[in-house]
Amino acid sequence: MTADARAVTAPTAEEVAAEVPAGRPTGWWGMVMFITTEATLFAALVASYFYLRFQSTPDWPPGGIKAPELSLPLVMSAILLSSSGPMVLADRGIRAGHVGRLRLGLAATFVLGATFLGLQGYEYMTKLEEFTPRTNVYGSLFFAITGFHGMHVLVGLLLILFVMVRAWLGHFDKGRHLHVQTTAMYWHFVDAVWVVIMLSLYIGPHL
Amino acid sequence: MTTVAERTQRLDESWGEAPGLGSWFTTVDHKKIGRRYIWTASVFFAMAGFEALALRTQLARPDQTLIGPGAYNQLFTMHGTTMIFLFATPMLFGFGNYFVPLMLGARDMAFPRLNAFGYWVFLFAGLLMNASFLFGQAPNGGWFNYVPLTGPQYTPKVNIGFYTVGLLFLGISTTAGAINFIVTTFKLRAPGMSLNRIPLFVWAILATAFAVVFALPALNADNAMLLLDRKFGFHFFDPAGGGDPVLWQHLFWLFGHPDVYIIVLPALGIVSAIVPVFSRRPMVGYFWLVLANVATAVISFGVWVHHMFAVGLPQLSMSFFSAASLVITIPGGIQIFSWVATMLRGRLVLATPMLFVLGFLISFVAGGLTGVMFAVVPFDQQVTDSYFVVAHFHYVLFGGAVFPILAALYYWMPKITGRLLSERLGRLSFWLIFGGFNLLFFPMHVSGLLGMPRRVYTFLPGLGWEGWNLASSVGAYVVALGFLASLVNLLWSLRRGEPAGDDPWGGDSLEWATSSPPPPYNFATVPVVHSAYPLWEDRFRERLDAARGSEERQLAGDHEVLRTSELDAEPERAIEMPSETVVPLVVALGFLVAFAGLLAGWYLVAALGVPVVLGGLAAWAWPRRQEPAR
Amino acid sequence: MNGTAGLRRRAAPVLLWFAVLGGAVAWSAHLLVGWGLEEIACSPVSAGPEVLGVSLTVWIGVLTVVLGAATVAAGLLAWRFWRTEGAADPATRIEPGGGGPEPGELVRSGRAGFMALFGLAANALFLLMIVYGGLSLLLLRPCART
């Protein structure tokens with residue numbers, strides 16, 4: 001414990017060789033890989049959006065379509081992104097053995113997620129009065145990308161439902177919770193994709 | 001405390017699958033699934049081969065009318081599509097399925113049911129795409145399916161629907177398989193098999209699997225957008241609606257170029273498995289081969305615009321891709337040098353597998369050389385869409401994939417069937433195929449430089465192309481004879497071949513440590529490795545046999561597999577694997593109904609597939625019994 | 001002091017991963033961002049070869065220098081780790097003492113040295129591509145088409 005000012009010294013050979021990652025179950029890796037491939041799919045779609053946008057005429061959206069109004073999407077974002085909170089509660093909770101937190105967290109996430117989808121349906125109804133996927137490429141991109149994301153939210157809700165049933169049947173405890181963990185990972189991924197969509201499709205045209 | 005006999009019996013009981021037809025639909029054994037991939041891919045290879053023979057027969061002479069332009073378009077499209085999507089990758093994944101767990105010292109893949117599911121989807125998607133012939137509506141826009149030709153305006157009929165829907169369906173299988181390979185390689189290696197001791201074939205499959213995870217989504221996005229344009233009037237590729245046909249090309253080649261490495265890397269991995277064994281020494285430059293495999297897979301994502309050098313893109317952006325296209329040849333070359341050095345410094349054994357490896361080396365290097373020529377933009381723009389391109393990619397694909405696959409068949413069939421193949425028939429087959437292959441494809445370099453465009457159903461006399469085309473067509477038939485010889489060899493060996501024994505070649509990797517064919521549980525005892533060439537370690541077999549005495553090493557609980565750590569393969573715990581089940585087949589059928597309904601426009605039918613899939617997945621995920629704590 | 005040591009212990013393997021993957025990530029960013037900027041600058045709706053008022057040449061020059069430097073840093077780190085760990089020849093059998101299991105540290109350091117050498121070679125390749133891509137800036141007019 002000297003007064004050596006260089007408190008940070010180089011890592012030793014042993015520290016560098018410590019094994020990271022280690023100890024992850026096969027199901028965890030399976031979900032990581034699945035998320036990776038789905039994320040790449042969204043990246044391809046969003047890249048296509050930007051590619052087509054910058055090929056186009058200076059006004060975007062084209063064809064007289066107004067730039068997307070932000071109030072409803074911002075509410076939707078708040079609801080979806082906050083739903084990650086109870087999911088974390090559920091995931092951490094069962095790891096500490098609290099079945100109650102698991103059930104509560106899952107139920108709250110489900111309600112918030114379902115509300116998001118309901119609001120998205122309402123948004124579609126209003127948008128469809130102004131343009132459809134067949135109007136022009138902007139319409140095609142908007143509905144395809146948000147629709148694809150919506151399908152992922154739906155799948156997430158089904159996963160949560162499945163895990164909720166198992167939770168109520170008492171399948172999970174401190175040592176057994178892999179499905180909760182992988183469902184949580186998927187759910188957070190779906191939220192992260194929404195952030196990208198929000199920035200690219202909704203906020204982007206206003207910049 | 002159980003005895004060795006009791007534990008062996010438990011292994012037999014918990015891993016054995018019921019004989020008979022039922023088990024055919026419910027198996028989750030990676031060896032059975034691997035064999036199925038190999039068989040089914042071979043059938044698709046034969047179909048695509050006959051399509052090629054038809055093409056070459058039509059082109060044998062100028063101005064022939066055996067096959068009209070419409071049929072010709074379908075034939076060359078399906079030849080390419082079938083070879084790439086239904087033969088090459090599934091065949092190599094079949095070898096991967098069979099041998100990756102064995103080489104890792106594991107008893108199965110990480111996700112056995114996902115494995116079975118992947119096979120069924122492959123079979124159904126392949127059948128769906130080829131069913132198009134029954135309607136005379138096979139895909140006809142070329143294997144890379146450019147818009148606007150394949151868009152709703154210029155191909156209104158369902159031909160392209162078979163292409164888009166078929167590939168979207170097939171992509172599920174390829175991705176599932178890739179994820180399975182990755183997780184198996186990360187978690188199920190034998191203790192002691194740290195990263196730097198993983199067999200080179202497994203490294204190749206791992207790099208390929210990662211490439212699949214990142215490449216398939218681009219193809220899926222492309223096909224989904226085309227489907228939406230064609231069936232539902234979207235405008236992604238429609239300039240009148242603000243879309244851009246060039247977007248199809250970008251997304252396609254963003255998938256397509258990595259795809260050629262997805263095909264070639266596992267094949268190069270097979271070569272890396274064979275060369276040390278038939279040179280009787282460890283590989284020179286193991287490290288460099290690992291680097292080359294991984295670097296090639298990564299860089300392959302940065303070269304795709306070299307398929308678009310004639311599209312009119314800005315020079316500066318093309319230069320990024322030209323840079324990567326030139327640099328990617330470096331790891332490719334490293335692999336060649338490693339193999340050649342190993343062969344020169346070893347004692348070469350010229351059995352049939354090695355003959356096919358030599359055939360591969362010559363053809364693949366030749367194809368690689370013309371490939372480097374294409375990386376130079378001005379040259380590319382002169383020969384684009386000519387037969388020079390056809391020559392190049394057949395040298396790298398036939399040379400780089402088919403020869404190694406034949407080598408693998410001769411090398412690994414004895415392990416799979418327990419019987420040796422005939423060396424004489426093998427040599428005959430090799431020379432017919434190698435000679436015929438060069439006669440078939442070499443002249444195309446010349447006819448291409450003389451200006452013959454690709455994908456033409458006939459050509460005029462007097463352009464100087466006749467002789468070269470005739471030679472190619474003769475070569476095609478010689479190649480076909482060569483394959484016939486190998487088929488005869490295989491059938492003969494199944495009936496009359498000499499028993500192979502555990503290790504007919506004196507191999508270095510773990511598949512040779514067990515019987516031929518292996519028992520359902522692969523290894524009675526969990527192997528422990530101390531190098532990258534376990535079977536060449538001192539007294540490896542004695543140590544493995546001696547470990548029978550240990551209950552831990554025999555791992556005879558219910559259908560158990562040992563999970564180890566990702567980087568250093570330190571033992572973690574035993575995990576229980578699922579046994580036979582019909583659920584993967586049911587889910588695959590659900591998907592088939594959904595995709596077929598979508599293709600036909602029967603949306604109600606398609607919707608019926610959805611609850612089948614969801615229900616099946618729920619049954620799949622439901623715990624078989626109370627899971628042990630993690 | 002303990003806190004720093006703990007941090008160092010946790011950071012060390014992460015640094016090894018940076019040494020292994022740094023160049024690959026840098027090159028991917030160079031390709032995607034560089035190409036994206038070029039497409040935006042040279043698109044029909046753009047005023048000149050510039051993005052947000054800054055010339056394309058400057059953008060790509062800066063990108064090349066920054067990402068090239070990151071790759072060099074990863075390479076130097078890889079070299080350093082390779083010297084400390086050493087790469088065990090996978091053909092060498094580490095003879096366990098008295099028939100017992102291999103010493104774990106030797107397995108780990110062999111594997112880590114292998115990773116470090118990999119990083120060194122890979123970063124060299126990626127640096128080459130970043131430099132090539134940036135060099136084309138000096139030779140080609142921005143937005144010229146063939």
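At roughly what angle do the axes of helix H10 of chain B and helix H3 of chain C cross? Keep in mind as you look that this is a predicted model. Two packed helices are described by the angle between their axes and the distance between the axes. Here H10(B), residues 315–327, and H3(C), residues 104–139, cross at roughly 150°, and their axes come within 9 Å. An angle over 145 degrees counts as roughly antiparallel, so that is what H10(B) is to H3(C). As for handedness, the crossing of H10(B) and H3(C) is right-handed.

Now zoom in on the residues that meet there. From H10(B) come Leu316(B), Ser319(B), Phe320(B), Ala323(B), Ala324(B) and Val327(B). Facing them from H3(C) are Leu125(C), Leu128(C), Met129(C), Tyr132(C), Gly133(C) and Ser136(C). Sorted by class, this contact has 9 nonpolar and 3 polar residues, with no charged ones.

Next, swing over to chain A and look at where chain B touches it. This contact takes 35 residues from chain A and 40 from chain B. On the chain A side, H2 and helix H6 (137–168) each supply at least two residues, and H2(A) has the largest share with 15. The class split on that side is 19 nonpolar, 13 polar and 3 charged.

Chain A also meets chain C, with 17 residues of chain A in contact with 19 of chain C. Helix H1 (13–16) and helix H2 (26–55) of chain A are the elements giving two or more residues to this side. H1(A) gives the most, 4 residues. By class, the chain A side that touches chain C has 11 nonpolar, 3 polar and 3 charged residues.

Notes: Residues numbered from 1 in each chain as written. Chains lettered and ligands numbered in written order. Predicted model: local features only at pLDDT ≥ 70, side-chain atom pairs only at ≥ 80, totals over all residues. Contact = placed C-beta atoms within 7 Å. Nonpolar A, V, L, I, M, F, W, Y, C, P; charged D, E, K, R; others polar. Axes fitted to C-alpha atoms, helices over the stretch in contact; angles between N-to-C directions. Parallel < 35°, antiparallel > 145°, perpendicular 65-115°, else oblique. Left-handed = near helix turned anticlockwise from the far one by under 90°.
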